[in-house]
Amino acid sequence: MTRYLGNGAYCYANSASMLLSTIREDVEPGFFEVMTGFALGAFLSESNWIFFDSCSSSPDEGVNRAFDILGFHVQEKVKQDGALMPLDELREDLAVSPVMLGPLDMGHLTYNPNYRYVGGSDHYVLALDINVQEIMLHDPAGYPYVWLPLEQLDLAWKAERIKCSQGSYRYWLSPERIESPSVELVYERSLRLFQSRYKQQAIYGTDSNHVVGTNAILAKAEHIRSGNLVHGEIEHLIHFALPLGAKRAMDFSRFFAGSHTQLAHLKELQARLFGKCQSAAMLQEWCVLADTLEQLSEVEGEFEAAVTAL
């Protein structure tokens, strides 16, 4: 039986943890999420929605960095945009190992009751088996052992609407441990990654004219205070951005606990502020939400300064 881990917002961390568990490696998803470095920073998208993660990276790049930091070699395959689905290759690989697939476009995952409403959202799953017509998946969004028709897999895995990743039909398989780094080395490698994420964020903001980091959070606070939030953006905040931000901040706090008291404290404070934002948004207390986001921006600035100074 392949281990199942479920949390839709942590899809790539849960899928990677499930993949590693197939070689009897127990890596907690929250810890893996931190290792990606993806959950640092903030930016405003082209639609002016706020995301509390790295604008200059992608989940798949973060997954590879986490594997490296933890001492694993995991084979990664990806095709060029416009290529045909590598179905025969996938069948051969599934005969050897479960396969982590992603990004997938959630709008084509027909076993999910909400698939019609989440088109264009990226997602990662673990593939277990395949037959002539369907593929069996462990989907961390709450769906173990589900079957997806291959024509829907093709549409989802092509990921034409997913802008944060380059290429199509990306997957990982056959993990192996090639190094057993000490706790101290994992910590040091992670810090270097976190510092590089913030440097990349600054460069991205300058080169692309996107609003990033603390400025993005402050701009969103002002946008909310002016009463310009629309229904779709509210749904994005209360179902995704705010609860995910709280969980990620808690995992970072746990990571730093015992090693760097200030950073652990700042991340716990961020988690509490994200929680307050969620409560205010659900009560439609927009001024409270804006005020709390301004506090969150201040804490983010302190955290970035502390990390980059190490």
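This briefing walks through helix packing, aromatic and charge-over-ring contacts, and a couple of backbone oddities. Bear in mind that the model is predicted. Three helix pairs get a closer look: α8 with α9, α1 with α2, and α6 with α10. On the aromatic side, the count of ring pairs comes to 18.

**Helices α8 and α9**

- Helix α8 spans residues 231-256 and helix α9 spans residues 261-282; their axes come within 7 Å and cross at roughly 160°.
- Because the cut-off for roughly antiparallel is over 145 degrees, α8 counts as roughly antiparallel to α9.
- As for handedness, α8 and α9 make a left-handed crossing.
- On the α8 side, the contact is built from Leu237, Ile238, Ala241, Leu242, Pro243, Gly245, Ala246, Ala249, Met250, Phe252, Ser253 and Phe256.
- From α9 come Leu263, Ala264, Lys267, Glu268, Gln270, Ala271, Phe274, Gly275, Cys277, Gln278, Ala281 and Met282.
- Sorted by class, this α8 and α9 contact has 17 nonpolar, five polar and two charged residues.

**Helices α1 and α2**

- With α1 at residues 11-21 and α2 at residues 29-36, the two axes come within 8 Å and cross at roughly 115°.
- That angle makes α1 roughly perpendicular to α2.
- The crossing of α1 past α2 is right-handed.
- Tyr12, Ala13, Asn14, Ala16, Ser17 and Leu20 are what α1 brings to the contact, and they meet Pro29, Phe32, Glu33 and Thr36 of α2.
- The class split for α1 with α2 is six nonpolar, three polar and one charged.

**Helices α6 and α10**

- Helix α6 (residues 183-208) packs on helix α10 (residues 286-309) at about 120°, and their axes are 9 Å apart.
- α6 and α10 are therefore oblique to each other.
- When α6 passes α10, the crossing is left-handed.
- Phe194, Gln195, Tyr198 and Gln201 of α6 touch Glu300, Phe303, Glu304, Val307 and Thr308 of α10.
- Here the residues in contact come out as four nonpolar, three polar and two charged.

**Rings and charges**

- One cluster held together by ring pairs takes in Phe31, Tyr187, Phe194, Tyr198, Phe252, Phe255, Phe256 and Phe303.
- Some of these names have come up already: Phe194 and Tyr198 of α6 and Phe303 of α10 take part in the α6 and α10 contact, while Phe252 and Phe256 are on the α8 side of the contact with α9.
- Phe252 also has a charged partner, since Lys267 lies over the face of its ring, at 5.0 Å from the ring centre. Lys267 is one of the α9 residues in the contact with α8.
- A second lysine does something similar: the charged end of Lys247 sits over the ring of Tyr10, 4.6 Å from its centre.

**Backbone spots worth a look**

- Most peptide bonds are trans, and most residues other than glycine have a negative phi.
- Gly102 and Pro103 are joined by a cis peptide bond, with omega about 5°.
- You'll find Pro103 in strand β4, which covers residues 99-105.
- Tyr169 has a positive phi, near 55°, although Tyr169 isn't a glycine.
- Tyr169 belongs to strand β8, residues 168-177.

Terms used
Residues are numbered from 1 along each chain as its sequence is written. This is a predicted model: local features need pLDDT of at least 70, side-chain atom pairs count only at pLDDT 80 or more; totals for chains, interfaces and linings use all residues. Side-chain values use heavy atoms; hydrogens and water are left out. Rings of Phe, Tyr and Trp (its six-membered ring) pair if their centres lie within 6.5 Å; planes under 30 degrees apart count as stacked, over 60 as edge-to-face and the rest as tilted. A charge sits over a ring if NZ of Lys or CZ of Arg is within 6 Å of the ring centre and within 35 degrees of the ring normal. Axes are lines fitted to C-alpha atoms, for helices over the stretch in contact, and angles run from 0 to 180 degrees between N-to-C directions. Helices (H or I, at least four residues) and strands (E, at least two) are DSSP runs, numbered from the N terminus. Angles under 35 degrees count as roughly parallel, over 145 as roughly antiparallel, 65 to 115 as roughly perpendicular and the rest as oblique. A crossing is left-handed if the near helix is turned anticlockwise from the far one by less than a right angle, and right-handed if clockwise. Contact means heavy atoms within 4.5 Å. Ala, Val, Leu, Ile, Met, Phe, Trp, Tyr, Cys and Pro count as nonpolar, Asp, Glu, Lys and Arg as charged, and the others, Gly among them, as polar.
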